[in-house]
Amino acid sequence: MKILDRLNRIPWWLFAIIFALLAAFYFVLTTQSFRASFDFIIRGISITVQTTVYAYGIALVIGLVMGLGRVSRNPVFSNIARFYVEVVRGIPMLVLIFYISFVAVVDVAGLLGIEGRDIPMNLRAIIALAVAYGAFMAEIFRAGIQSIDRGQMEAARSLGMSYSNAMRYVILPQAIRNVLPALGNDFVAMLKDSSLVSVLAVRDITQVARLHAGSTFRFREAYTVLAVLYLSMTLVLSALVQWLERRLHAGRK
Amino acid sequence: MRAASKAIIEVKDLYKTFGKDIEALRGVNLSVERGKVVVIVGPSGSGKSTLLRCINHLEVETSGEVWVDGKQLNEKNKDINEIRAEIGMVFQLFNLFPHLTALGNIVLAQRVVRGRSKAEAEEIGMQQLKRVGIAEKAHSFPAQLSGGQQQRVAIARALAMNPKIMLFDEPTSALDPEMIKEVLDVMLDLAKEGMTMVVVTHEMGFARAAADEVIFMDEGLIVEHGPPQQIFNNPKQDRTKLFLSQILQH
């Protein structure tokens, strides 16, 4: 029984994935046809990473502002936030990306007196992903803020602090700490969803893999390489998030 | 203005209703003079805490008036933060900020509200920690402190703002018995130094020793008030007698 317990505690699945990944990498890099696909597809990696990082950064800001709106007692602010969250969450990510890139961005640009066509697709993709993920992050921040005991706000206010100062110095530092793992998971999710921007012909690894597969008919090679690339990135990031979570947990007491 | 009155806190005909039909306060009048210690006692649900929380507008009255140091508190009052800075509040569950050290807890509002420099705020913070007897815990986080120590840090945090009034909302109710004394001692010292205090508590010993006036509340009303000897030894109202007999039996 004890041996079984111990065997159960070992994350075999993780070893299996790591092994599979290493084997896949070895295979890809040593097999001529796969190697060719890899060398081609890897050129999209910087677009994938850039898109994810920029969109994530913007989504964090949108999420924080809208999350504050969700808990605000100001009816205008809170209703705008609620409206945004409900609308964005009710539309499929892919549709949202089309809509924002080809309609919303063009309209807003028009209002600002900029020619819509002048806005590069890369930028539109980043805006679309950021707006889409901002809604999820708003809900994460809202939950984080609401998880803090009411007495914290009361104590801060009783010392004469304004609502916004209490939020900034007392509530948010605790709330953000609580939601760091959730925010980390969203980064992983966003990395995966960044593949959707390939529909805008943005040359991320997915788009490059599609082009490669289409021109060489090496579907197996192209999509294996693509999957292995995503999986290796998300696994590393997930492990990081879990490590962070454990560290936060240990530091809690 | 009510400069003519010596009262630093004046509560007039205060009503507070929660939701549709929970009447926490049903017409309370109270006046506290500068430097006096007022202890509010009564059964749970009698409205004592609500009354206390109305004095610094953590609860907004349904009707009636609250005046603090010559200023009326109302919802549109832009000065509410300034008024609150003059009113220290100590909570039953301490409400220390868990992400800051003891000293950090005391420094924060001094800097943000009072605009003091870091060095000045820390110096005052250390003085206050000494005053409550736990200077050596300045760099500990709340979770590393006992309940009694946390409550003393909370008192120091309030005092560092140089308040004119201190409100205590059942400050020892969440403490283990052996820690109650250390908190009450700090409060007794404060009373001796002439701080204006309004204290909601079940500690009758403290009331006897420190109170200038004891107020007995029940069902959202002040049933009886007077000096502690009178309330404890010679209560006039039956409800007061009943409450005291229940509480002093042991």
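How many residues does the contact take from chain A and from chain B? The contact takes 19 residues from chain A and 22 residues from chain B. Please keep in mind, while you look around, that this is a predicted model. The legends below begin with that contact and then visit other spots.

**Figure 1. Chain A and chain B bury about 1700 Å² between them.** Carbon and sulfur atoms give 63% of this area. On the side of chain A, the residues that lose the most area to chain B are A:Glu154, A:Ser158 and A:Leu159, and together they make up 34% of what that side buries. Between the two chains there are 5 residue pairs in polar contact, counting pairs with both residues at pLDDT 80 or more. Helices α8 and α9 of chain A each supply at least two residues of the side that touches chain B. Of the elements of chain A, α8(A) gives the most to this side, with 8 residues.

**Figure 2. Helix α8 of chain A, residues 150–158, is largely enclosed by the rest of the structure.** Why is this helix described as enclosed? The reason is that 8 of its 9 residues are buried. Among them are A:Gly151, A:Met153, A:Glu154, A:Ala155 and A:Ser158. In chain A, the buried residues of α8(A) pack against α9 (163–193). In chain B, their packing partners are α1 (48–55), α2 (80–85), β6 (87–90) and α5 (147–159). Look at the start of α8(A) too, where a side-chain oxygen of A:Asp149 comes to within 2.8 Å of the backbone nitrogen of A:Gly151. After α8(A) comes A:Gly160, with a positive phi near 95 degrees.

**Figure 3. A salt bridge joins A:Glu154 to B:Arg53 across the two chains.** Side chains of opposite charge can pair when their charged atoms come close. Here the closest N and O atoms are 2.6 Å apart. Between chain A and chain B, the count is 1 salt bridge. A:Glu154 is already familiar as one of the buried residues of α8(A).

**Figure 4. B:Lys181 and B:Asp185 form a salt bridge within one helix.** Both residues lie in α6 of chain B (residues 177–192), 4 residues apart, which is about one turn of the helix. Their closest N and O atoms are 2.9 Å apart. B:Lys181 is exposed, with a relative accessible area of 56%, whereas B:Asp185 is partly exposed at 30%. Elsewhere, salt bridges that share partners join A:Arg150, A:Glu154, B:Arg53 and B:Glu59 into one network.

**Figure 5. B:Lys118 and B:Glu122 form a salt bridge in helix α4 of chain B.** The helix spans residues 118–131, and the two partners sit 4 residues apart, about one turn of the helix. The closest N and O atoms of the pair are 3.6 Å apart. Are these partners buried or exposed? B:Lys118 is partly exposed at 47% relative accessible area, and B:Glu122 is partly exposed at 29%.

**Figure 6. A:Arg117 forms a salt bridge with A:Glu115.** The closest N and O atoms lie 3.3 Å apart. A:Arg117 is exposed, with a relative accessible area of 70%, while A:Glu115 counts as partly exposed at 42%. Over all chains, the structure holds 18 salt bridges.

**Figure 7. Aromatic rings pair up in the model, with 9 such pairs over all chains.** In one of them, the rings of A:Phe25 and A:Phe38 have centres 6.4 Å apart and planes at 75 degrees, so this pair is edge-to-face. The pair links distant parts of the chain, as A:Phe25 is in helix α2 (residues 12–30) and A:Phe38 is in helix α3 (residues 32–41), 13 residues apart. A:Phe25 counts as partly exposed at 25% relative accessibility, whereas A:Phe38 counts as buried at 14%. Ring pairs also link A:Phe217, A:Phe219 and A:Tyr223 into a cluster.

**Figure 8. The charged end of B:Arg157 sits over the ring of B:Phe97.** The distance to the ring centre is 4.5 Å.

**Figure 9. B:Thr201 is a buried loop residue between β8 and α7 of chain B.** Its relative accessibility is 3%. A polar atom of the B:Thr201 side chain lies 3.0 Å from the backbone nitrogen of B:Glu203. Beyond its neighbours within four places in sequence, B:Thr201 is in contact with B:Val39, B:Ile40, B:Val41, B:Thr172 and B:Phe206.

Key
Residues are numbered from 1 along each chain as its sequence is written. Chains are lettered from A and ligands numbered from 1 in the order in which they are written. Side-chain values use heavy atoms; hydrogens and water are left out. Buried means under 20% relative accessible area, exposed over 50%, partly exposed in between (1.4 Å probe, protein chains only). A polar contact is a pair of N or O atoms within 3.5 Å; within protein, one must be able to donate a hydrogen and the other to accept it, and residues adjacent in sequence count only if both atoms are side-chain atoms. Contact means heavy atoms within 4.5 Å. Rings of Phe, Tyr and Trp (its six-membered ring) pair if their centres lie within 6.5 Å; planes under 30 degrees apart count as stacked, over 60 as edge-to-face and the rest as tilted. A charge sits over a ring if NZ of Lys or CZ of Arg is within 6 Å of the ring centre and within 35 degrees of the ring normal. Buried area is the accessible area (1.4 Å probe) that two parts lose on being put together, summed over both. A salt bridge is a side-chain nitrogen of Lys or Arg within 4 Å of a carboxyl oxygen of Asp or Glu.
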